[in-house]
Number of protein chains: 2
Amino acid sequence: MIEAIPADVRSLQLFEGVADETVCNLLRAGYDQSFPPLVTLIQEGAPADFLHVVVEGMVELFAGTKDREATMAVVRPISTFILAASVRDAPYLMSARTLQRSRILMIPSVNLRAAMATDNRFARNVVLELAGCYRSMVRHTKNLKLRNTRERIASYMLRQSRLLGNVPGFILPVEKRILASYMGMTPENLSRALKSLAEDGCKIDGQRVIITDRPKLEALAGLSPLLDGPDPEASQAGVSLPLPATDARIA
Amino acid sequence: MIEAIPADVRSLQLFEGVADETVCNLLRAGYDQSFPPLVTLIQEGAPADFLHVVVEGMVELFAGTKDREATMAVVRPISTFILAASVRDAPYLMSARTLQRSRILMIPSVNLRAAMATDNRFARNVVLELAGCYRSMVRHTKNLKLRNTRERIASYMLRQSRLLGNVPGFILPVEKRILASYMGMTPENLSRALKSLAEDGCKIDGQRVIITDRPKLEALAGLSPLLDGPDPEASQAGVSLPLPATDARIA
DNA sequence: CCTTCCAATTGATGAAAGTCAAGTGTTGCT
DNA sequence: AGCAACACTTGACTTTCATCAATTGGAAGG
C-alpha cells in the first residue's frame, strides 16, 4: 500500500482535475516498489492486473521472443505504461523490464476501472492519455514504413533536439543497442549509419550528438514535418522514447 | 443532419449502454453522406473536426507523401476512425479515402467531447474503443519489427482464416497492392512471396486463398500466437484490416 | 465485341540491411 | 590495478528486399 502521494504523481496528466478522493483511493489500493536494473516487471501475454507508473528510473517495453526481440518504447518518469491492457482487462502485448534501478507504482486494474466509472473527469483523462499513446504508436509505425534507416536516425536526432528546445547538441538518453532496436535496425547498422551522418549534418561522438547542419539533416529526414511535428501528446504518452533529461543538453 | 438512426449504428460498441438521448444528440449534430470511390475524406495534418463512422463501403487510412505512401488500415462497416485525433482535438496523423462507394457518418468532435463530459458510460466506451485501436496498432508494429515478408504474409493468412472461424479458404478482402502496402512491402514482393508460400501450406489463385497445411504455415509465421492471438478488440478497433465479409468464406 | 486501363506477375538487376566474425574500448567488479 | 563482461565498432559477406522494365490478364466502358 502506498503511504504518501508523491507530488509528481499527483501532477500526472491522468490525475489533473480529478478529485483528491479518487486519486487517494487509487493509490491506497496500489503498491509502491523499487526494483533493481534488468528486472522483468511484465511478461507479454500475462493478464493485465496492474497499471504501472514509473516514478523513478527507466523502463523498457519490448516484444518478441528471446532470439528475436524488439524495443517498443522506453518509459521515463513520470509516465504510465500498459494502460490499454489494464482498461480492457486484456493480456499484455508487450513485456517490460527495468533498465535502471526504478521505482514503480502499481495500481490494480480493477480499481482503475472502478475509478473511471465513478469519476467522469478521470475517465476523460484516460481517454486523452490513451489517444496520446495511440498517436505515438501511429507515428512510430509511420516512421518504420515511410523512412529508411538513415532517415529514421536523422528524424530521431532532430526530434530529440526539438524536444530540448532546438538545442544543437545533446546526450543520447539510452544505449545505442536499444535505440537501434527501437528504430528497427541492428546495432551494426546504426553504428555505420551514424558515422555516415557526419556528412549530412550530424556528428556523433560516443553518447554525444551534435547537429552541425540542421537544414541538411532535415532534408535527409524528409517527409512532412507532421510525422514528428509539434507533439504535445508524446511527453505524456508513455510510449515514446524518453525525453532526454534536461542535463542532456550540451553547452 | 441525420434523419434516422441506422439500427446498426446504434449497435456500435461505442454506443452500447449509452442513453438514447446522448446518441440522438450526437447523431443530430452530425451528417450522413455518401461518397463515390477514391474520394479523399481526410487529409493528414488537417484539424480533426469530425469523428467518422463507416456505415457502408470501405475506407483506406494511409499516410505519407504522394511518392511514398503507406496503407495504415482499412476500415469496414460498422466502425469508427480517427477517434484519437477527434478527442484530442489534434491534427489527423493519417489521411483517409474511400475504396468503394461509401456511406459515412460524420460527428462533430465538439459534440463528441461534450457527450463524454455528460455521459460517463459513453466516456468509458471511448476508452475501450481507443484501447482497442492502440492494441491493434501495437500488433501491427510488432508484426513489422519481428517478422519478415513471408512471415507477415503467413500470419496474415492465418489471421484472416481464424477470424472467419478457422476456415481453410477465403477471398482476399482488398486488392493485393493495398495488402502489400499495409504489410510494408512492394506489390512485386508480395506477388513473389505468395507464390513461394504454396510450398509452405498456402495456395493462392487470384483473390482466392486456400490454406493447405496449417501446421506448416503456422511454423513459418512463427513467434508466439500472442502476436495475433485471440483478438476480441480488433473487430471493433477500426484500425485493422477488414474482417472479410461472411461471403468471403470458400466452401 | 473490342479497346483501354490498371492490377498483377515475372525476370533481371541493384541497393539496403542483416549476419558473422574479429577487434576495440569502457565499465564495473574483485 | 587487473580482469571480465559487454557495448560498440569495423570489415567482409550474404540475404532480403526494392527498383526497373516488360508482359500478362481481367474488368469496365465505349
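This report describes how two protein chains and a DNA strand meet in a predicted model.

## Where chain A meets chain B

The contact between the two chains draws on 54 residues from chain A and 54 residues from chain B, and together the chains bury about 4600 Å², of which 68% lies on carbon and sulfur atoms. Four salt bridges are found across this interface, and one of them joins the side chains of A:Arg68 and B:Glu151, with 2.9 Å from N to O. The chains also share 23 residue pairs in polar contact.

On the side of chain A that touches chain B, the elements giving two or more residues are strands S4 (59-64) and S5 (69-75) together with helices H3 (83-88), H4 (109-118), H5 (120-146) and H7 (176-182). Helix H5 of chain A gives the most, with 21 residues, and the residues of this side as a whole divide into 28 nonpolar, 13 polar and 13 charged.

## Around DNA strand D

Of the 15 residues around DNA strand D, those that come nearest are A:Lys176, A:Arg177, A:Arg192, B:Asn189 and B:Arg192. Sugar and phosphate make up 69% of the strand's atoms that come within 4 Å of the protein.

Several phosphate oxygens can be placed against particular residues: one lies 2.7 Å from a backbone N or O atom of A:Lys176, while side-chain N or O atoms are involved at A:Lys195, at 3.3 Å, and at B:Thr149, at 3.0 Å. Helices H7 and H8 (187-196) of chain A and helix H8 (187-196) of chain B each give two or more residues to this surface, with H8 of chain A giving the most, four residues. The surface near DNA strand D comprises one nonpolar, six polar and eight charged residues.

Technical notes
Residues numbered from 1 in each chain as written. Chains lettered and ligands numbered in written order. Predicted model: local features only at pLDDT ≥ 70, side-chain atom pairs only at ≥ 80, totals over all residues. Heavy atoms only, no water. Contact = heavy atoms within 4.5 Å. Buried area = accessible area lost by both parts, 1.4 Å probe. Polar contact = N/O pair within 3.5 Å; in protein donor to acceptor, adjacent residues only side chain to side chain. Nonpolar A, V, L, I, M, F, W, Y, C, P; charged D, E, K, R; others polar. Near = heavy atom within 4 Å.
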